[in-house]
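Ready for some practice at reading a protein model? Grab a pencil and try each task before you peek at the solution.

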Amino acid sequence: MDINKIQKILQEFSSKRNWDQFHSPKNLAMALSVDVAELVEIFQWLDNEQSLAQNLDSDSLKILKEELGDIMIYTIRLADKLNVNLEKAIYEKIEINSKKYPVELSKDNAVKYSRR
């Protein structure tokens, strides 16, 4: 995924529609949270087995893909508006998580723990 290319496409898309006036960080974060909630709604009453891709119906999969697209678009726009290098932020967070959740303490363990 070329985040910079997508960022430029989204900037142009927004600019042509004069939407930058609406794309404040606050508004983008709110829109992002709405689309995350819409994604969660797809899975709301499903058990783990039912939530697997092969067990979802085609309509649910279509909506899921659209919501994931919206979530990524809002995330990339928000990063752009706040001058966050999203690729760098992702790699930094992976590094933080690797220290926070070392394999010897985290493997086969879904319980959050406090490393003191």
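Below are four exercises, each with a worked solution.

This is a predicted model, where local features need pLDDT of at least 70, side-chain atom pairs count only at pLDDT 80 or more, and totals for chains, interfaces and linings use all residues. Residues are numbered from 1 along each chain as its sequence is written, and side-chain values use heavy atoms, with hydrogens and water left out.

**Exercise 1.** Work out which secondary structure the chain has and how its radius of gyration fits the globule rule.

*Solution.* Start by counting elements: there are five helices and zero strands (DSSP runs, with H or I for at least four residues making a helix and E for at least two making a strand). From the N terminus, that reads α-α-α-α-α. Next, take the radius of gyration, which is 18 Å, well over the 13 Å that the globule rule gives for 116 residues, so the chain is more spread out than a compact globule. (The radius is taken over C-alpha atoms, and the rule is 2.2 Å times the number of residues to the power 0.38.) Finally, the box around the C-alpha atoms is roughly 50 × 40 × 25 Å along the principal axes.

**Exercise 2.** Check the length of helix α4, then find what caps its N-terminal end.

*Solution.* Helix α4 covers residues 86-100, which is 15 residues. The expected span is 1.5 Å times one less than the number of residues, so α4 should span 21 Å. Its end C-alpha atoms are 20 Å apart, which agrees. As for the cap, Asn85 does the job: one of its side-chain oxygens lies 3.2 Å from the backbone nitrogen of Glu87.

**Exercise 3.** Asn18 and Asp108 both have a positive phi without being glycine; are they buried, partly exposed or exposed?

*Solution.* Asn18, with phi of about 55 degrees, is in the loop between α1 (3-16) and α2 (25-43). Its relative accessible area is 48%, so Asn18 is partly exposed (buried is under 20%, exposed over 50%, partly exposed in between, with a 1.4 Å probe and protein chains only). Asp108 has phi near 60 degrees and is found in the segment after α5 (103-106). At 79%, Asp108 is exposed.

**Exercise 4.** Place Trp19 and say how accessible Trp19 is; then find how much of the chain is buried.

*Solution.* Trp19 lies in the loop between α1 and α2. Its relative accessible area is 35%, so Trp19 is partly exposed. Over the 116 residues of the chain, 21% count as buried.

Definitions and conventions
A polar contact is a pair of N or O atoms within 3.5 Å; within protein, one must be able to donate a hydrogen and the other to accept it, and residues adjacent in sequence count only if both atoms are side-chain atoms.
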